[in-house]
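Work through the exercises below with the sequence and the model open beside you. Try each task before you read its solution.

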Amino acid sequence: MTLTPPASSPSPGTAPTVAAPPAKLVVDGLVKRYPVRRRDDVVAIDSIDLTVEAGAFTCIVGASGCGKSTLLNIVGGLEAPTAGRVLVEGELVVGPGPDRGMVFQAYSLFPWLSVADNIAFGLSCAGVDRSRRAERVDELLGIVGLEQWRDRLPKELSGGMRQRVAIARALAPEPDLLLLDEPFGALDAQTRLALHEFTRTVWQRTGATIVMVTHDVDEAVYLAQQVVVLRSHPGRVMTTIDVPFGNSRGPDVKRDPRFWDLRDEVQELLFTQHTDG
Ligand SMILES: Nc1ncnc2c1ncn2[C@@H]1O[C@H](COP(=O)(O)OP(=O)(O)OP(=O)(O)O)[C@@H](O)[C@H]1O
Ligand SMILES: [Mg+2]
């Protein structure tokens, strides 16, 4: 759910200006503290500012525990911030909504539902009628290459297939902001590479804005247009690096010396803050 925040009134005597469309996502001074019994609060994230333009592919990297999932969960409307705010297309996020699709870090399909019913779940909740649901599920099964698996249960699928179902389920309500929390973390190298190409294809076909958390620096530099590097304790944005490769890049880009330099730069930043404590 999103709410329009009160518009500030123009100052007297100023000429009206044509407002630029709001960014897809604005994270403004975001703070999240968790109370811990008989101890000081954990400051998971502290003063995070971030702007993501519509249609961009952004990766967030940072050490374990630096607040990546917390940040994504607040953007998804699953947790409330302690301070600060999140705006999606200029509207305040106050809860989850069909405009944002999430793929969670932990395996999260409904084990008792078939592949097709998992994908249709959000559509059923939104009251989409049966024939439109079936059409959309067929389309998504085609996109994720699982047409033959529609009636199977998640336990009958490989890890990579489950993640493709999770991505299809997140895409089903046609969100234009896709939040992916380490979606490929538990997969073998080969499946991971296949899903990189798959994710790029989905991004280009749907025009969605993607914010993806990953531990894998190569993955971040390969997929993203911007890599946001977080520092930990408390989680803050250390820097944002623009990736210079075009959007139709393919695996060849990994042999480009600029790719190695960028990867080294991000790794160095993560390593420096790790050794700084
Ligand atoms: N519900 C909670 N109660 C107390 N502390 C929490 C809670 N959820 C997260 N934290 C703390 O907040 C910090 C950030 O956690 P978060 O899960 O966002 O990290 P992360 O960057 O996603 O880590 P990882 O890479 O391991 O997934 C950690 O110190 C964690 O212990
Ligand atoms: Mg996490």
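**Exercise 1. The shell around the ligand**

Which element gives the most to the shell around ligand 1?

Solution. The structure is a predicted model. Begin with the shell itself: ligand 1 is surrounded by 13 residues, and the closest are Tyr 34, Ala 44, Ser 64, Ser 69 and Thr 70. Next, look for elements that supply at least two residues of this shell; β3 (42–52) and α1 (68–75) each do so. The top contributor is α1, with three residues. Finally, sort the shell by class: seven of its residues are polar, five nonpolar and one charged.

**Exercise 2. Helix α4**

Find how many residues of α4 are buried, and list what covers them.

Solution. Step one is the extent of the helix: α4 runs over residues 159–171, which makes 13 residues. From first C-alpha to last, α4 reaches 18 Å, close to the 18 Å expected at 1.5 Å a residue. Step two is burial. In α4, 10 of the 13 residues are buried, so the helix is mostly covered. The buried residues are Arg 162, Gln 163, Arg 164, Val 165, Ala 166, Ile 167, Ala 168, Arg 169, Ala 170 and Leu 171. Step three is the cover: β7 (100–103), α2 (115–125), α3 (130–144), β8 (177–181) and α5 (189–206) are included in what lies over these buried residues.

**Exercise 3. Two domains and a core**

Why does the largest nonpolar core lie between domain 1 and domain 2?

Solution. First locate the domains: domain 1 covers 22–99 + 175–277, and domain 2 covers 110–174. Their C-alpha centres are 25 Å apart. The contact draws 12 residues from domain 1 and 12 residues from domain 2. On the domain 1 side, the largest share comes from α5, with five residues. That side has 10 nonpolar and two polar residues, and no charged ones.

Now turn to the largest nonpolar core, which has 65 residues. Val 75, Val 227 and Val 266 touch the most other members. The largest share of the core, six residues, is supplied by α4. Both domains give residues to this core, so it lies between them. To follow one member, take Val 75: leaving out residues up to four places away in sequence, Val 75 touches Leu 25, Val 27, Val 86, Val 93, Leu 179 and Val 211.

**Exercise 4. Backbone angles**

Decide whether Ser 47 and Glu 182 are buried or partly exposed.

Solution. Ser 47 is in strand β3. Although Ser 47 is not a glycine, its phi is positive, at about 60 degrees. Ser 47 has 15 C-beta neighbours inside 10 Å, and therefore counts as partly exposed.

Glu 182 sits in the loop between β8 and α5. Phi of Glu 182 is also positive, near 45 degrees, and Glu 182 is a residue other than glycine. The cut-off for a buried residue is 20 or more other C-beta atoms within 10 Å. Glu 182 counts as buried because it has 20 C-beta neighbours inside 10 Å.

**Exercise 5. A cis bond**

Where does Pro 234 lie?

Solution. Pro 234 is in the loop between β10 (226–231) and β11 (236–242). The peptide bond leading from His 233 to Pro 234 is cis, and its omega is near -5 degrees.

Technical notes:
Residues numbered from 1 in each chain as written. Chains lettered and ligands numbered in written order. Predicted model: local features only at pLDDT ≥ 70, side-chain atom pairs only at ≥ 80, totals over all residues. Helix = DSSP H or I, 4+ residues; strand = E, 2+ residues; numbered from the N terminus. Expected span 1.5 Å × (residues − 1). Buried ≥ 20, exposed ≤ 12 C-beta atoms within 10 Å, placed from the backbone. Contact = placed C-beta atoms within 7 Å. Near = placed C-beta within 6 Å. Nonpolar A, V, L, I, M, F, W, Y, C, P; charged D, E, K, R; others polar. Domains from an automatic or database assignment. Core = buried A, V, L, I, M, F, W, Y, C linked by C-beta atoms within 7 Å.
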